[in-house]
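Student: I have a structure to go through and some questions about it. Can we take it piece by piece?

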Amino acid sequence: MTVIRFLQEKIRTNYRLLILLSPVILWLICFFILPLISVFIYSFLERGTYGGIKWNFTLENYQRLFDGLYLGILWRSVSTAFVCTAICLLFGYPFAYYLAYYKPKLRNVLLLLVVVPFWINFLIRTYAWILILRTEGILNSLLALLIPEFQSLELLNTPFAVQIGLVYGYLPFMILPLYAALEQMDMSLIDAAKDLGASPRHAFLNVTLPLSLPGILAGSLLVFIPTVGAFLTPDILGGGKVSFIGNVIDRQFRTFRDFPFGSALSFMLLAIVLTGTIIYFRTLQDSESSGI
């Protein structure tokens, strides 16, 4: 009887939990799983004569992915995302470290400055960089005032401009997880390391850096995933001259109406993002199991 009552109570608990989660589950099924399944099916179909699809199953869309043109664009997207992530980590870590251990009053002000850009539309912030980077823009005008014989730099519509826009747009996504990880760290561990004879450099490498690894991984993931599929920033600051995989997918759906090939490109991008996510969780799990 005790076992039966236990099972009945377990069923009631799971049933209540299922009722509470049903809105979220329904939302995920309708707006995530079903669209994902439809895109997956589209990727194996043929393009219609005037756009749309033909219900003829084929692997041609996935074979086209290995074309040198698309592989080059994919490499540009992934490499730029890696560089953007590295730059955000390089600038974000010192700022987050300073933010975590400075005076509370100034810390709140600095944290507010990090969050303020989220109050402004991403599109507007990206267009603002056009005013800064164009030939007659703020940066060239300032350099011309400082250097009399200065010749204007062609910064806009270049990979450099795209990289700046990506770093600017996603730097807060690196700072905030790093700040959360560093702010929760026990400072007495650093003091203990110094008492045992560790120099500040060794204390940082052996205590601070390993303990902040979850924040580094989370921030890197939050920066890498949106940048590898970015299409708005390359389109605006690249002027159509710098194509990322996100721009190619956008053109396949909106311009060429090649839904099957656009779906295949989308799934290739999804595979890359999923691989990065799996690496993140495995690395995090390994670091936790090793006692870091």
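Tutor: This is a predicted model. Start with aspartate 250, which has a relative accessibility of 22% and so counts as partly exposed.

Student: Which residue does the side chain of aspartate 250 meet in a salt bridge?

Tutor: Aspartate 250 lies in helix α12, and its partner is four residues away in that helix, so about one helical turn separates the two. The closest approach, N to O, is 2.9 Å. The partner is arginine 254.

Student: Is arginine 254 buried or exposed?

Tutor: Exposed means over 50% relative accessible area. Arginine 254 has 65% relative accessibility, so arginine 254 counts as exposed.

Student: How many salt bridges does the structure hold?

Tutor: One joins aspartate 250 and arginine 254. Another joins arginine 64 and aspartate 258, with the closest N and O atoms 3.2 Å apart. The structure holds two.

Student: How many residues apart in the chain are arginine 64 and aspartate 258?

Tutor: Arginine 64 is in helix α2, residues 60-64. Aspartate 258 is in the loop between α12 (245-254) and α13 (259-289). The pair links distant parts of the chain, and the separation is 194 residues.

Student: Is aspartate 258 buried or exposed?

Tutor: Its partner arginine 64 is partly exposed, at 28% relative accessible area. Buried means under 20%. Aspartate 258 has a relative accessible area of 7%, so aspartate 258 is buried.

Student: Which helix supplies the largest share of the largest nonpolar core?

Tutor: That core has 30 residues, and Leu166 and Leu237 touch the most other members. Helices that each supply at least two residues include α3 (68-101), α7 (159-183) and α10 (213-228). The largest share, 10 residues, comes from α7.

Student: Which residues does leucine 166 touch?

Tutor: Residues up to four places away in sequence are not counted here. What remains is Thr80, Cys84, Thr227, Ala230, Thr233 and Phe244.

Student: How many residues are in the other core?

Tutor: This core lies apart from the largest one. Among its members are Tyr70, Val248, Ile249 and Phe261. The number is 16 residues.

Student: At what angle do α3 and α4 pack?

Tutor: Two packed helices are described by the angle between their axes and the distance between the axes. For α3 and α4 the axes are 8 Å apart, and the crossing is left-handed. The angle is about 145°.

Student: How many nonpolar residues does the contact of α3 with α4 have?

Tutor: From α3, Phe95, Tyr98, Leu99 and Ala100 take part; they meet Leu106, Arg107, Leu110, Leu111 and Val114 in α4. By class, there are no polar residues and one charged residue. The nonpolar residues number eight.

Methods: Residues are numbered from 1 along each chain as its sequence is written. This is a predicted model: local features need pLDDT of at least 70, side-chain atom pairs count only at pLDDT 80 or more; totals for chains, interfaces and linings use all residues. Side-chain values use heavy atoms; hydrogens and water are left out. A nonpolar core is a set of buried Ala, Val, Leu, Ile, Met, Phe, Trp, Tyr and Cys residues joined through side-chain atoms within 4.5 Å. Buried means under 20% relative accessible area, exposed over 50%, partly exposed in between (1.4 Å probe, protein chains only). Contact means heavy atoms within 4.5 Å. A salt bridge is a side-chain nitrogen of Lys or Arg within 4 Å of a carboxyl oxygen of Asp or Glu. Axes are lines fitted to C-alpha atoms, for helices over the stretch in contact, and angles run from 0 to 180 degrees between N-to-C directions. A crossing is left-handed if the near helix is turned anticlockwise from the far one by less than a right angle, and right-handed if clockwise. Ala, Val, Leu, Ile, Met, Phe, Trp, Tyr, Cys and Pro count as nonpolar, Asp, Glu, Lys and Arg as charged, and the others, Gly among them, as polar.
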